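Colleague: Hi! Could you walk me through the aromatic rings in this one?

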Amino acid sequence: MERVKMAEAESLETAAEHERILREIESTDTACIGPTLRSVYDGEEHGRFMEKLETRIRNHDREIEKMCNFHYQGFVDSITELLKVRGEAQKLKNQVTDTNRKLQHEGKELVIAMEELKQCRLQQRNISATVDKLMLCLPVLEMYSKLRDQMKSKRHYPALKTLEHLEHTYLPQVSHYRFCKVMVDNIPKLREEIKDVSMSDLKDFLESIRKHSDKIGETAMKQAQQQRNLDNIILQQPRIGSKRKSKKEAYTIFDTEIESTSPKSEQDSGILDVEDEEDDEEVPGAQDLVDFSPVYRCLHIYSVLGARETFENYYRKQRRKQARLVLQPPSNMHETLDGYRKYFNQIVGFFVVEDHILHTTQGLVNRAYIDELWEMALSKTIAALRTHSSYCSDPNLVLDLKNLIVLFADTLQVYGFPVNQLFDMLLEIRDQYSETLLKKWSGIFRNILDSDNYSPIPVTSEEMYKKVIGQFPFQDTELEKQSFPKKFPFSEFVPKVYNQIKEFIYACLKFSEDLHLSSTEVDDMIRKSTNLLLTRTLSNSLQNVIKRKNIGLTEDARHAAEEEIYTNLNQKIDQFLQLADYDWMTGDLGSKASDYLVDLIAFLRSTFAVFTHLPGKVAQTACMSACKHLATSLMQLLLEAEVRQLTLGALQQFNLDVRECEQFARSGPVPGFQEDTLQLAFIDLRQLLDLFIQWDWSTYLADYGQPTCKYLRVNPVTALTLLEKISREMKDTSRKNNMFAQFRKNERDKQKLIDTVAKQLRGLISSHHS
C-alpha cells in the first residue's frame with residue numbers, strides 16, 4: 001500500500017512539473033526554450049511529457065477551429081467589400097494619373113524657370129563668395145606687387161619691411177590658396193635676394209671708399225689747415241670780438257643724418273662726385289663726399305634677418321684688408337712731396353670714415369677695433385716714414401715732409417687718435433734734417449771760402465763801415481777811432497759765414513715749429529745743431545782752407561788766426577766758469593764733480609776732437625793754453641777776496657773738480673804730448689789741495705825752499721790766504737756753537753795749530769821779501 005501511495009505521490013509531482021513546463025513553453029520566447037526542454041530530458045518521464053504535450057496541442061487546435069468557425073462570415077463579407085473597393089481604387093488611380101499628366105504638362109515651363117532661378121542663385125552665391133575671397137587676396141597681391149617694385153627700385157630695406165608684413169599679417173589669412181603656398185615658398189628666396197643685393201651695394205660702397213680715401217683725407221686735412229690758419233690769425237689778433245669755435249666743433253664733418261629711404265641714397269654707390277674747389281673757396285665737408293646709406297641699409301637688413309654678427313665680421317674683415325692696402329706705401333714715395341701727401345690722405349680718409357661709422361652706428365665697429373687698426377697703422381706708417389725719409393737728401397723736402405706729418409697728426413688727433421709716436425718720430429727726422437742741413441751748409445761754406453781773397457775788408461766811408469757792421473756786429477773801439485780809409489781785421493768770408501750761420505739757425509727753428517716743444521727743448525735743439533755746424537762743418541771747412549798751400553794767407557794772418565783760436569777757446573771756458581756756484585760753507589762731502597765742470601770738460605773733448613785736422617803744434621798749443629787758463633781760473637775762484645770763509649767740505653768738492661780736470665789731461669785730448677805734460681798745468685792746484693786736505697804742514701814748512709820739496713809749487717802767500725779763510729770759518733763756527741761754553745779741547749788745539757802755521761807762513765813771506 002505504501003508503495004502504491006508513494007507511486008501515486010510521485011506521479012502527482014511529475015504531472016505538476018510537466019504542467020509547469022508546458023506553461024513555460026507557452027509563455028517563453030522560442031530562443032530561450034532550450035533550458036526548459038533540457039529539464040524534460042534530464043528526467044525519466046519524458047514519454048509521459050510527450051503524451052501530455054500532444055494532448056495540449058490537440059486542445060489548442062480545437063480552440064482555433066472554434067474561433068475560425070465563429071468569424072468566417074465576417075471574413076467573407078470583408079473580402080466582398082474589398083473587391084468592390086478595388087474597382088473604385090482603379091478608377092481613382094486613373095484620375096490621379098490623368099491629373100498628374102496634366103500637372104506635369106502645365107508645370108514644365110515653371111520647372112524650367114525654377115531651374116534657371118536656381119542656377120542664378122547659385123551663381124550669385126558663388127560670385128559673392130568670390131568677391132569676399134578676392135577682398136582677402138587683393139591686399140596680399142598688392143603687397144607682393146609693392147615688394148617686387150621696391151626690389152626693382154633697389155629700396156631693399158623697405159622691401160624687407162614689406163616682406164615681413166606680407167609673411168606675418170596678410171599671408172596667414174589666405175594660407176589655404178595655392179598661390180599663397182607659392183609665395184610662402186618664395187619668401188626665403190626673396191630674403192636671400194635682398195641680402196645678396198644689399199651686400200653687393202655694400203661691396204660697391206667699400207670699393208668706392210677705397211678709391212676715394214685720398215679725396216676724403218685731402219678734405220679733412222684741408223679743414224685742419226684752415227683751422228690752424230684761423231688759430232694763428234686769432235692768436236695774432238687777440239682783440240677780435242668774434243667767437244672762436246672749438247676744434248671739435250670745427251672738425252665735426254659728419255653731422256648730417258642720411259635718409260635711408262630717399263631715392264638718392266637708395267641708388268647711390270657711396271661716393272658723390274665733387275669737383276676740386278679753389279683755394280679761396282670753402283672746402284667741402286667730408287659728408288658732402290660720402291653717402292653712408294649703403295652701410296646703414298645693409299646693417300639694418302642683416303639685423304632684421306638675424307645675421308648682424310655675420311655682417312659685422314664681414315665689414316671688419318674687408319676694412320682690415322683695405323687698411324693694409326692703404327698702409328702700403330708706393331716704392332717711389334720718397335721722390336716727391338706729393339707721394340707722401342697722397343699716402344697721408346689715404347690713411348686720414350680711411351680713419352675719418354671709420355670714426356664716422358663708429359659714431360653713427362651702434363656696434364658695427366667699436367673703440368677696441370678702431371684702436372687695434374690705429375696701432376697697426378701707426379706702426380706701419382712710422383716704419384714707412386723712417387725708411388723713405390732716410391733716402392731724402394734735400395733739407396727743403398725734409399722740412400715740407402715734417403710740416404705734412406704735423407698736419408697729418410693734428411688732423412687725426414682731432415678725431416681722438418693718439419699721435420705722440422708721430423711727434424717722437426719727428427724728433428728722429430729732426431736729426432736727419434740737421435744732417436742734411438749740415439751737408440748743405442758745408443757746400444755753402446766751401447763756396448764762400450773758395451771765393452774769398454783772405455784780405456782785410458777796406459772801407460773808405462762811414463756808409464761802407466755801417467754796411468759791414470750791419471752784416472757782422474763787430475766791435476773794436478780802436479778801429480772806430482781810426483780815420484777813413486781803414487780796414488777790418490777780417491776778410492769778406494767772416495760776415496758771409498756769420499749770415500749763413502743765422503740762416504742755418506732759422507732753418508732749424510722752422511723745423512721746431514708746431515712740434516709742441518718747450519722753449520728749453522727748442523733751445524737745446526738749436527744749440528746742439530749749431531755746435532755741430534761750428535765744431536764740425538765750419539771747422540772742417542776752415543781746416544781744409546788752412547791746409548791748402550796755395551791760399552793767400554800771410555804768416556802774420558796765420559799767427560793771428562791761431563791767436564784768435566786760443567782767445568776764443570779761453571773765452572768759452574770763462575763762460576762755463578761763470579756757471580760755477582760753489583757753496584763755500586758746506587759741511588757735506590761731495591761724491592762727484594760739479595755739473596758745470598762736467599759740461600766744460602765735455603765741450604773741451606768735442607772741441608779738441610775736431611782739432612785733429614789742424615797742424616799739430618796749433619792743436620797742442622790750444623790744448624795747453626786751455627788747461628792753463630782753466631787751472632788759473634780755478635785758482636782765482638778759490639782765492640778771490642769775496643770768499644771770506646771756507647770749509648774743508650767745500651775744499652773737498654773743489655778737489656773733485658780738479659781731479660776731473662786732471663783726468664781730462666791724462667786722457668790725451670790732443671795727440672803729441674809727452675806723458676803727464678798736460679797734467680803739469682794743474683800742478684799748482686794739486687799741491688795746494690793736497691797740502692790742505694792731508695794737513696801736511698810739517699812737511700811743507702820743513703822742506704820749504706828745497707828743490708825736492710813735495711809742495712814746491714805752493715806759494716806761502718797763497719797758502720796763507722787759503723788758511724786764513726779756513727781759520728775764519730772755524731772761529732765763526734766755534735763762536736756759534738759755544739756761546740756759553742769754552743772751546744772744546746780739540747778745537748782749541750786745531751785753532752792753535754792754525755795760528756802757529758799762519759805765523760810761520762808770514763815769517764816765510766817776510767824772509768822771502770827781505
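Modeller: Happy to; we can go through ring pairs, burial and charges over rings. This is a predicted model, where local features need pLDDT of at least 70, side-chain atom pairs count only at pLDDT 80 or more, and totals for chains, interfaces and linings use all residues. Residues are numbered from 1 along each chain as its sequence is written, and side-chain values use heavy atoms, leaving out hydrogens and water.

Colleague: How many aromatic pairs are there in the whole structure?

Modeller: The search finds 32. Rings of Phe, Tyr and Trp (its six-membered ring) pair if their centres lie within 6.5 Å; planes under 30 degrees apart are stacked, over 60 edge-to-face, and the rest tilted. One of the pairs is Tyr343 with Phe344, tilted, at 6.0 Å centre to centre and 40° between the planes.

Colleague: Is Phe344 buried or exposed?

Modeller: Buried, at 0% relative accessible area. Buried means under 20%, exposed over 50%, and partly exposed in between (1.4 Å probe, protein chains only). Tyr343 is buried too, at 2%.

Colleague: Why is the pair of Phe472 and Phe490 edge-to-face?

Modeller: Because their planes are at 85°, with the ring centres 5.3 Å apart. Phe472 is buried at 18% relative accessible area, and Phe490 is buried at 10%. Ring pairs also link both into a cluster with Tyr465, Phe474, Phe484, Phe488 and Tyr498.

Colleague: Switching to charges, which ring does Lys486 lie over?

Modeller: Phe484, at 4.5 Å from the ring centre. The rule is NZ of Lys or CZ of Arg within 6 Å of the ring centre and within 35 degrees of the ring normal. The charged end of Lys402 sits over Phe511, 5.9 Å from the ring's centre.
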